[in-house]
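I opened the notebook today with a short list of places to look up. The entries below follow that list in order.

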Amino acid sequence: MFVTFIIISLLIKESLLLRIVRVAVPSYKVRGQPAQLDCDYELGGDILYSVKWYRDNEEFYRYMPKYDPPKHAYKLDGIKVDLSKSDDRKVLLHPVTLKSTGQFRCEVSAEAPSFASAAGEGRMEVIYLPREGPRITGNQQENNRRGDSMFLNCTSGRSYPAAVLSWDIDGEKVTDPALLVEYPPIQHQHGLVSTALGLHVPTGRTMQVRCTARVAPSWREGSEAVVGNSQLADSKEAMLLVKSSCGVSTLNIMLLTLSFALLLSSLIQLET
Amino acid sequence: MLVSVPMTQLVAIAGEPVYLPCDIATQDEDDAVLLVLWYREDLGTPIYSVDARERDFGVAERWSDESVFASRAYFLPERRPAELGVDRVRASDQGIYRCRVDFKQAQTRNSRVNLTVIVPPNKMVITDDKGDVKQAIVGPYVEGDTFTLKCDVSGGRPRPWVKWYRDEVEVDTPATALQGNAVRGVIHVGPLTRADVRAALTCRASNHLRAHPIETTLTLDMNFPPLTVHILGSNQPLSASRRYDLLCQSSGSRPPASITWWKNGHRINNAKETLSSDGNTTTSTVSLQLTKADAGAKLACRASNPQMPSVAALEDDWLLDIQYVPETTVRLGTNLDPKNIREGTDVYFDCIIKAHPYVYKVEWRHNRKTLVHNVGQGIIITNQSLVLQGVGRKTAGNYTCVGFNAEGDGESKPFSLNVLYAPTCRSSQQRVHGVAKQERAHITCHVDANPADVSFRWTFNNTANSNEVSDSYVSRSGTSSTVTYTPHTEMDYGTLLCWAHNRIGKQRVPCVYHIIAAGRPDQVHNCTVVNASLTSFGIRCAEGFNGGLPQSFLLEVRDIISQEIVANVSSAVPRFTAVGLEPGKTYASAVLAYNAKGRGDPYPLRASTLRPPEKHHVHDKSLDLPRTAFQISGAMSAAVGGGGVLMVVLVLFMVAVRQRCAKRKPRSAPPPSSQPASPDKLREKDDSESDDRNPDIIPSDTDHMQLDYFRQQQVSTISPPPGNRAPRGSVAGVRGSIPGYCPLRTIPPSTHPQAMHDNSTASSSIPPPARFASGACTLPRGAGACASSGAGIPLQHLRTLPRPLPAPAPAPRHTPRDTPL
């Protein structure tokens with residue numbers, strides 16, 4: 001169930017001192033699922049004073065054994081702590097929302113007099129996969145009037161992060177920027193985003209035009225170990241057959257749309 | 001790490017305090033700060049903590065890591081935001097600090113501070129082109145130099161900037177980074193001018209606006225050659241007779257100029273230098289006494305910079321114009337032989353003058369007396385010449401000429417003009433010698449001659465003939481010649497003639513000496529009373545012929561009544577003063593001359609003392625007399641008796657004298673050539689035959705009282721005293737009758753009415769003196785005598801001459817010249 005990215009930060013001065021063994025924060029979570037954050041540490045010779053969890057420097061959970069109750073959660077936007085499943089070494093967020101995304105840090109502090117402190121952190125992003133495929137649209141009249149070429153738009157479904165669109169003509173990816181028209185992303189409710197991409201289609205022959213929309217966090221910088229599973233990556237296509245006569249001004253456009261394929265990426269596990 | 005924790009940037013200067021902010025403010029009143037922890041990001045444990053969990057925050061336990069801030073840190077919770085103060089920040093304090101604040105309720109607050117510690121540069125080294133390290137002064141350079149200074153700065157963090165300033169104005173200078181954290185700033189200076197001296201070149205380096213820059217200032221030192229040199233007051237004439245302090249000033253040299261003085265290329269060493277307060281002007285003073293020889297000399301003042309020997313010295317010149325007192329020389333006319341200038345020659349002199357400025361006047365002096373142009377006297381002065389026409393022996397002497405200019409009077413050395421002349425008879429010598437027979441007389445002939453190398457010839461003339469005197473009787477001493485002469489017979493009396501000659505010529509007129517038989521002196525004459533006072537009077541006479549022998553003179557003063565001598569004064573000259581007399585009384589006086597042969601005739605005259613004024617007016621004779629008589633009545637009889645005795649003695653004495661006088665008279669007639677008086681004063685031993693040299697000229701008091709008594713008695717009983725006018729009248733009267741002394745006593749009033757005139761009232765009562773033959777007594781040998789005749793006397797004279805030649809012929813002929821007196 002959990003894809004875990006493990007980042008270990010060590011603040012080691014002496015082996016006997018307090019140190020963080022491991023802080024485990026899942027890199028991506030699909031909205032609505034629970035996320036468990038782990039903080040493994042060694043106290044050395046010290047007594048625990050506090051374990052504090054921060055998201056983006058804002059404390060949302062602390063464990064202080066001397067206090068009653070020792071567990072205390074603060075209400076943050078997008079953070080909902082399940083206290084019953086949280087303790088001095090882990091905290092459970094349930095469910096995660098798109099607002100849960102952030103830098104999560106665990107700080108462990110020893111009691112007086114040293115107040116030695118160690119911390120580890122990791123980033124978690126929450127994603128939302130599109131429920132519908134991209135749609136290809138065109139303006140019949142305008143296309144007729146222009147005659148020599150045809151203009152098509154492809155618009156993705158709502159997702160987080162935004163889908164990336166690309167055009168294929170007869171199976172060949174269009175890279176000529178003269179043919180492509182980009183638009184700013186369109187913001188929707190709950191932080192969802194849709195994107196669009198325009199294409200000038202040369203006329204005079206019959207061709208197959210395809211628009212592909214991909215949603216995946218794998219391009220995020222620094223995540224060299226991008227792992228896709230069916231829940232975290234999504235790719236959808238829309239296809240169109242363009243028929244063109246040798247006559248001067250009339251075009252028959254047949255919307256074929258026929259293929260709707262959900263490509264599931266295979267799960268790749270990164271073993272550390 | 002912790003990228004999301006907010007971070008504050010702080011910059012601190014090493015050594016200064018810094019305050020690290022940390023917000024501990026609570027949102028809720030119920031909330032409280034439990035714990036404040038300061039971490040340094042590279043360390044796991046806090047470096048500072050405030051633990052307020054179990055106590056009030058004000059007394060919370062504070063702890064500071066000894067290895068980090070230790071006691072330098074202190075928490076300041078009262079500030080907003082609260083701060084952790086750290087004193088004396090070190091370079092090692094730089095880093096990121098995190099402050100964690102645990103609240104009782106609120107979320108934990110984390111904040112960060114990025115502390116940058118600025119370490120100012122601490123080392124600055126300035127080097128010049130040679131690589132020498134410069135610290136306060138750069139140079140010295142000279143005008144036109146260019147140079148470069150490098151300022152290397154190191155030790156700072158971050159790398160400092162380096163700038164050069166000139167007199168606090170920034171100079172655009174390139175700076176380059178060096179190895180390490182060092183920076184080099186380079187300044188190019190020059191080409192230098194004089195204005196650049198003492199420029200302040202400052203290299204300043206810093207690495208933060210708040211950090212104190214380090215800097216080094218170098219002062220530009222330069223050497224300059226002197227710009228000016230001037231001899232002050234130059235080119236004015238100088239006086240040779242004065243000492244001058246001459247000043248020479250030079251300015252513009254740095255270091256100050258050294259000034260030297262030169263005269264015609266020779267260094268003058270006694271100069272003294274002074275420096276103006278700004279050090280720019282050197283003044284040299286030299287004290288010079290210049291001489292005439294310095295005229296036209298070049299006086300130079302040279303100024304040079306001792307530090308710049310290669311630069312030629314600056315020089316100011318002065319061609320000396322020396323003024324001096326005229327230098328004069330008297331030069332005799334070139335065609336004249338100074339050793340052979342004879343009387344009557346014309347002589348001229350030139351005055352050779354060297355003078356600057358030239359003389360405005362030339363003066364000639366003869367024996368220190370200024371000569372005046374006088375053609376009549378033959379003194380002609382033109383320009384610088386003096387002409388003396390017809391020089392005589394009086395013209396001889398020292399001649400000088402004097403030139404006058406502004407510097408003074410320059411008198412030449414004297415030129416001694418020697419005028420040669422043939423011998424002439426010297427005046428003022430004894431012309432008549434009275435010599436007794438067999439007496440050996442020395443007759444000396446004195447001549448004036450130039451040259452004085454003279455020889456003499458003597459001749460003896462009498463009425464009969466003229467003979468050369470043998471040289472064996474003659475001796476010579478310079479311009480004098482003495483003949484030893486002893487008359488043996490009457491014929492040996494006559495005239496000796498002395499002739500001298502020198503190389504100039506023979507004496508034209510001989511010196512004439514009359515050898516006569518020696519006798520009594522003649523009577524004095526022209527006697528007058530002078531300086532009469534209450535108790536004294538003086539008498540002066542002209543002396544008569546001395547009889548051929550030295551004579552002396554005698555004054556006798558007698559009481560008219562008693563004929564008693566009250567004063568007796570002798571003298572070498574006929575001038576006397578009789579003292580100790582009674583006031584207001586007239587005395588009978590007589591002056592006579594005497595010599596070894598006897599006494600001359602007395603010259604009688606009356607003289608009176610002055611009368612006291614009060615007696616003259618107040619005292620009546622009748623009132624006075626009894627009183628006087630009573631006062632002295634006790635002594636009266638004795639005094640009268642004494643007075644009588646004195647009178648008898650005096651009368652006897654006078655008789656004896658008169659007899660002697662009468663006997664000798666015929667023989668004592670003067671020679672005809674001997675003029676009225678011959679004042680020769682050859683002193684010879686007094687024969688003392690004429691004694692009467694009573695040393696008691698001033699009578700004793702008792703005598704005086706006696707005389708006074710007599711006078712008073714006489715006046716009171718016989719006649720009233722003569723008036724104040726009387727003594728003068730008496731003197732006049734006596735003068736009128738020259739042989740008055742004799743008549744006073746011997747001749748009745750009828751024969752000499754004038755002499756008796758004043759004494760007319762008293763004369764009747766005067767007892768007549770002893771009888772003298774009036775003719776014998778009054779026969780004078782001087783001029784104007786009562787019986788004088790030129791005819792008779794030569795006969796007497798001739799009678800004494802050894803030879804019967806007509807002697808009068810030569811004698812009268814020569815006497816006018818030889819006896820100018």
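Is Thr609(B) buried or exposed? I looked this up before anything else, keeping in mind that the model is predicted. Thr609(B) has a relative accessibility of 2%, so I noted it as buried. I found the residue in a loop of chain B, between strand S56 (603–608) and helix H1 (613–617). Its side chain comes to 2.8 Å from the backbone nitrogen of Gly584(B).

**Entry: another loop residue**

Next I went to Pro81(B), which sits in the loop that runs from strand S6 (73–76) to strand S7 (82–86) of chain B. With a relative accessible area of 33%, Pro81(B) is partly exposed. Which residues does Pro81(B) touch, leaving aside those up to four places away in sequence? I listed Pro21(B), Cys22(B) and Asp23(B). For Cys22(B) I also noted the C-alpha separation from Pro81(B): 5.9 Å, although the two are 59 residues apart along the chain.

**Entry: strand S45 of chain B**

I then turned to strand S45 (residues 480–485) of chain B, where five of the six residues are buried, so the strand is largely enclosed by the rest of the structure. I looked up two strands that pair with S45(B). Strand S41 (residues 441–450) of chain B pairs with S45(B) in the antiparallel sense, over six bridges. Strand S44 (residues 474–477) of chain B also runs antiparallel to S45(B), and four bridges join them. Ser481(B) caught my eye here: it stands opposite Cys445(B), and it is the bridge partner of Arg476(B) as well. How many residues lie between S44(B) and S45(B) in their hairpin? I counted two, and in the turn Gly478(B) has a positive phi of about 65°.

**Entry: a sheet in chain B**

Which order do the strands take in the open sheet of four that holds S23 and S24 of chain B? I read S24-S23-S27-S28, with antiparallel pairing. Strand S24 (266–268) and strand S28 (314–319) each have a single partner strand, so these edge strands have one side without a neighbour in the sheet. From one strand to the next the twist averages 30°. I followed one pair further: strand S23 (residues 258–263) of chain B meets S24(B) in the antiparallel sense over three bridges. In that pair, Trp262(B) has Arg267(B) of S24(B) as its bridge partner.

**Entry: where chain B meets chain A**

I moved on to the interface, where 26 residues of chain B are in contact with 24 residues of chain A. About 2,100 Å² is buried between the two chains, and carbon and sulfur atoms give 45% of that area. How many salt bridges cross the interface of chain B and chain A? I found four. One I looked up is between Arg98(B) and Glu107(A), with the closest N and O atoms 3.0 Å apart. There are also 14 residue pairs in polar contact across the interface, both residues at pLDDT 80 or more. On the side of chain B that touches chain A, strand S3 (33–40), strand S4 (46–51) and strand S8 (95–103) each supply at least two residues.

**Entry: chain A itself**

I closed with chain A, whose secondary structure comes to one helix and 21 strands. The chain has 272 residues, and 46% of them count as buried. I also checked contacts in chain A between residues at least 6 apart in sequence: 62% of these join residues at least 24 apart.

Key:
Residues numbered from 1 in each chain as written. Chains lettered and ligands numbered in written order. Predicted model: local features only at pLDDT ≥ 70, side-chain atom pairs only at ≥ 80, totals over all residues. Heavy atoms only, no water. Pairing = 2+ DSSP bridges. Axes fitted to C-alpha atoms, helices over the stretch in contact; angles between N-to-C directions. Buried < 20%, exposed > 50% of the residue type's maximum accessible area, 1.4 Å probe, protein only. Polar contact = N/O pair within 3.5 Å; in protein donor to acceptor, adjacent residues only side chain to side chain. Contact = heavy atoms within 4.5 Å. Buried area = accessible area lost by both parts, 1.4 Å probe. Salt bridge = Lys/Arg side-chain N within 4 Å of Asp/Glu carboxyl O.
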